[in-house]
Amino acid sequence: MEASAVALLLSPPVLALLGLCIGSFLNVVIHRLPLMLERGWRLDSAEMLGVKIDEPAAISLSKPRSRCPSCGHMIAWHENIPVLGWLRLGGKCAACKTKISARYPFVEILTAALFAAVGWRFGATPVALLWCGFVAVLVALAGIDWDTTLLPDNLTLPLLWAGLLASLLGWTIPLADALWGAIAGYLSLWSVYWLFKLTTGKEGMGFGDFKLLSALGAWLGLKMVLPIVLAASVIGAVIGIAMKMSAALREGRYVPFGPFLAGAGLVVMFAGPERVLDWLGWA
């Protein structure tokens with residue numbers, strides 16, 4: 001394939017269109033993956049206990065077809081076109097007129113914008129597609145954690161291993177930097193977790209946060225682990241205070257840390273290590 005054709009296919013506008021389609025799929029992942037895991041846990045628990053339960057209906061990322069949760073209306077293909085389908089329906093089910101969450105087009109637009117930004121950041125190279133995959137997994141993890149306070153191993157561990165493999169193949173950072181980044185990412189939050197638990201008797205975060213930061217360290221390197229944690233803490237504090245002031249955060253509830261880790265990882269990726277270190281005065 002000629003260089004001009006590759007440049008066109010990997011240009012920001014084309015990546016944005018790809019992002020719209022991937023964003024539509026990520027909405028499915030965010031909604032269905034926790035349900036799939038919950039079904040598996042229930043069946044495994046029942047088998048271990050030797051009890052019979054009403055087996056939950058089988059579900060996957062592709063089956064059954066998407067339908068309205070209120071009336072069961074099967075979503076037609078033209079109603080499922082990213083963003084345009086939602087706008088055409090006026091944000092309501094075609095059958096029962098129940099409101100469809102604006103988060104669906106938001107995730108699609110966000111993914112499209114991030115894919116286009118990756119195109120600008122890395123240029124029209126195959127590596128840009130690699131970082132688009134990185135972005136897509138972070139969007140899915142952020143959405144799932146926000147909804148369920150769960151960061152599934154099904155996503156965090158493949159992201160970690162993909163980061164190490166990309167480094168090994170020479171596509172990202174040096175392998176030693178990726179390995180130490182993964183180790184530091186895990187151990188840093190693991191240490192905070194146990195310090196907090198031994199001090200207060202409570203759990204301040206889940207093990208999924210350790211694995212997510214480990215994956216970010218594998219992709220972005222050892223020196224970026226602390227900036228990611230600092231940025232995630234600042235973003236989380238600002239959003240938490242805003243939610244508290246607007247009464248969106250009820251007493252006794254907490255905001256999951258995973259979305260802020262993912263957001264901080266994206267900030268560091270787009271800014272680049274040199275700029276981040278310069279901002280912090282560590283260059």
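A salt bridge, for this talk, is a side-chain nitrogen of Lys or Arg within 4 Å of a carboxyl oxygen of Asp or Glu. Please keep in mind that what you see above is a predicted model.

Let me start with one pair that fits that definition. The side chains of Asp153 and Lys211 form a salt bridge, with 2.8 Å from N to O. Asp153 belongs to helix 6, residues 153–168, and Lys211 to helix 8, so this pair ties together parts that are 58 residues apart in sequence. Is Lys211 buried or exposed? Its relative accessibility is 19%, and the limit for buried is under 20%, so Lys211 counts as buried. Its partner Asp153 is partly exposed, at a relative accessible area of 34%.

How many salt bridges does a search of the whole structure find? The search finds two. The other pair to show you is Arg103 with Asp147, whose side chains meet at 2.7 Å, N to O. Arg103 sits in helix 4, residues 103–122, while Asp147 sits in helix 5, residues 126–148, so the pair ties together parts that are 44 residues apart in sequence. Arg103 has 31% relative accessibility and counts as partly exposed. Asp147, at 41%, also counts as partly exposed. As general background, side chains of opposite charge can pair when their charged atoms come close.

Back to helix 8, where we found Lys211. Helix 8 covers residues 207–220 and packs with helix 9, residues 225–245. Their axes are 9 Å apart, and the angle is about 130 degrees. That angle makes helix 8 oblique to helix 9. As for handedness, the crossing of these two helices is right-handed.

Last, the surface. A nonpolar patch there is formed by Trp180, Ile183, Leu187, Trp190, Trp194, Leu198, Phe207 and Leu222. Together these residues have about 820 Å² of accessible area. Which helix gives the most to the nonpolar patch? That is helix 7, residues 175–200, which gives six residues. One residue to look at is Leu187, which is in helix 7. With 42% relative accessibility, Leu187 counts as partly exposed, because partly exposed lies between the 20% and 50% limits.

To recap, we have seen the two salt bridges, the right-handed crossing of helix 8 and helix 9, and the nonpolar patch, to which helix 7 gives the most. Thank you.

Notes. Residues are numbered from 1 along each chain as its sequence is written. This is a predicted model: local features need pLDDT of at least 70, side-chain atom pairs count only at pLDDT 80 or more; totals for chains, interfaces and linings use all residues. Side-chain values use heavy atoms; hydrogens and water are left out. Patches are made of residues with over 30% relative accessible area and no salt bridge: like charges are joined within 9 Å, nonpolar side chains (Val, Leu, Ile, Met, Phe, Trp, Tyr) within 5 Å. Accessible areas come from the Shrake-Rupley method with a 1.4 Å probe; for residues, only the protein chains shown count as cover. Helices (H or I, at least four residues) and strands (E, at least two) are DSSP runs, numbered from the N terminus. Buried means under 20% relative accessible area, exposed over 50%, partly exposed in between (1.4 Å probe, protein chains only). Axes are lines fitted to C-alpha atoms, for helices over the stretch in contact, and angles run from 0 to 180 degrees between N-to-C directions. Angles under 35 degrees count as roughly parallel, over 145 as roughly antiparallel, 65 to 115 as roughly perpendicular and the rest as oblique. A crossing is left-handed if the near helix is turned anticlockwise from the far one by less than a right angle, and right-handed if clockwise.
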